[in-house]
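Welcome to a small set of exercises for anyone who likes to read a model atom by atom. Work through each task first, then compare your steps with the solution below it.

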Amino acid sequence: MIERTIFREEHQIFRETVRRFVEREIVPFHAKWEEDGIVPRELWLKAGSAGLLCCTVPEEYGGMGLDYLFDVVVFEELWRSGASGPGFLIHTDLVATYILSFGTEEQKRKWLPRMVSGEAIGSLGMTEPHAGSDLKAIRTRAVRDGDEFVVNGQKVFISNGQLCDFIVLATKTDSHAGAKGVTLFIVESDRPGFKRGRNLEKLGMKAQDTSELFFDNVRIPAGNLLGKEGKGFAQMMTKLSQERLAQAIRSATVAETVIDWTLQYTSERSAFGQKLANFQNTQFKLADLKTKATVARVFTDKCIALFMEGKLDPVDAAMAKMFTSELHCETVDECLQLFGGWGYMWEYPIARAYADARIVKIAGGSIEIMKTIIARQMYSQRGFDIQKNGAAS
């Protein structure tokens, strides 16, 4: 099989540390957290103490100043264990990145050290009941009142929503300006008027708190503005490649992991007097999935390398997200079938992986959005503008 070459020795040493942490602090308790619908705050503090949060944050802000591959290691080891509960990815890969990229010096020094330690849990507030992939259509408003802004609106499907200490919130500061009216703010969760709704009951990822959030005349100082007023949509667009790459990393890792589980199971389980591994159907199914998983891994690792060089094209990220997401869902479906009735039992990791998988075709931009992005570039390279010619919106 093709060897992965993007990691160095220090990454592999760190991987062993992360793997031990996951096996000791997460795996034995994850089933209980699924029943609770949330992981304990103590886990975040332990993860911070072990150096698992926000690995790329510079030392001047309390971090270790490591490269992106250290974050990748953490994400891969969580997904490889089947631990979908800890919302470290949103906290590390998105919220901390927004603050690093667009925050003032004061904002960075206030939040980043606490994010690294796990004392402050970050969340990203973008999706609304009527605005999912179309972020220009958000209705949460922030109206200036002297040196403050007053925020009203609601968000939904917000990861870390029950636990978060602050939210990077997308608002409209000019409801008539479309994308140019979107502004980002840092909103602390202890401000009067902020209310957490219910912890949403999901198909999968049951241990990760996912919430409705409500803002009723929440007053925030102008100093909480993240970046410049009216530049929020442009700021969000700069992070889409990273968000979609993270989804590809997840899906490529889960596909490989589920194939390994199935190889083990079919090597041990018998039917009609022989091991399941001896049936040609088993061999053909797994050979097909392994080939696709290898292609996904090579492409994803190439995208990781390009991202670290600052060269990851948004369309390449969309292709990686689309291909790996579809493979992720195909793999858990085909492999669950090989487990037979036991694959449908929640006590088996394959059942949890199946339930967790469906979100990947939606999160980080739906599959349909990815296909639209890819198609637009294909046509634009030939001088045909899909939008102007009315073929797609």
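By relative accessible area, a residue is called buried under 20%, exposed over 50% and partly exposed in between (1.4 Å probe, protein chains only). This is a predicted model, in which local features need pLDDT of at least 70, side-chain atom pairs count only at pLDDT 80 or more, and totals for chains, interfaces and linings use all residues. Residues are numbered from 1 along each chain as its sequence is written, and side-chain values use heavy atoms, with hydrogens and water left out.

**Exercise 1. Find the salt bridge between Glu76 and Arg4, and say which parts of the chain the pair ties together.**

Step 1. Apply the criterion: a salt bridge is a side-chain nitrogen of Lys or Arg within 4 Å of a carboxyl oxygen of Asp or Glu. Glu76 and Arg4 satisfy this rule, with 2.9 Å from N to O.

Step 2. Place both partners, taking helices (H or I, at least four residues) and strands (E, at least two) as DSSP runs numbered from the N terminus. Glu76 sits in helix 4 (residues 68-81) and Arg4 in the segment before helix 1 (9-25), so the bridge ties together parts that are 72 residues apart in sequence.

Step 3. Check the accessibility of each. Glu76 is buried, at 0% relative accessibility, while Arg4 is partly exposed at 25%.

Step 4. Extend the search to neighbouring charges. A salt-bridge network links Arg4, Arg15, Arg19, Glu76, Glu77, Arg80, Glu256, Arg297 and Asp301. For the whole model, the rule gives 30 salt bridges.

**Exercise 2. Examine two further salt bridges, Glu25 with Arg24 and Glu229 with Arg144.**

Step 1. Start with Glu25 and Arg24, whose closest N and O atoms are 3.1 Å apart. Glu25 is buried, with a relative accessible area of 16%; Arg24 is partly exposed at 48%.

Step 2. Turn to Glu229 and Arg144, where the N to O distance is 3.9 Å. Glu229 belongs to the loop between strand 8 (225-226) and helix 7 (232-238) and Arg144 to strand 2 (residues 141-145), so this pair joins parts that are 85 residues apart in sequence.

Step 3. Compare with the cut-offs again. Glu229 is partly exposed at 42%, and Arg144 is partly exposed at 47%.

**Exercise 3. Describe the second largest pocket: how much space lies in it, and which helix gives the most to its lining?**

Step 1. Set up the grid. On a 1 Å grid over the protein atoms alone, a pocket is an open set of points where a 1.4 Å probe fits, with protein on both sides within 12 Å along at least five of seven lines; lining residues have an atom within 4 Å of a point. Points are joined across faces, edges and corners, and the volume is the space filled by probe spheres set on them.

Step 2. Read off the volume: the second largest pocket holds about 380 Å³ of space. It is lined by 17 residues, and the closest to its centre are Ile2, Arg4, Glu256, Lys290 and Arg297.

Step 3. Assign the lining to helices. Helix 8 (240-268) and helix 9 (280-308) each supply at least two residues, and helix 9 gives the most, with seven.

Step 4. Sort the lining by class, counting Ala, Val, Leu, Ile, Met, Phe, Trp, Tyr, Cys and Pro as nonpolar, Asp, Glu, Lys and Arg as charged, and the others, Gly among them, as polar. The result is five nonpolar, three polar and nine charged residues.

**Exercise 4. Inspect the backbone at Cys54 and Asn217.**

Step 1. Recall the background: most residues other than glycine have a negative phi.

Step 2. Look at Cys54, which has a positive phi of about 55° although it is not a glycine. Cys54 lies in the loop between helix 3 (41-49) and helix 4, and is buried with a relative accessible area of 1%.

Step 3. Look at Asn217, where phi is also positive, near 55°. Asn217 is part of strand 7 (residues 210-221) and is partly exposed at 46%.

**Exercise 5. Locate Glu35 and give the C-alpha separation between Glu35 and Lys206.**

Step 1. Glu35 lies in helix 2 (residues 30-36) and is exposed, with a relative accessible area of 67%.

Step 2. Glu35 and Lys206 are 171 residues apart along the chain, and their C-alpha atoms are separated by 7.5 Å.
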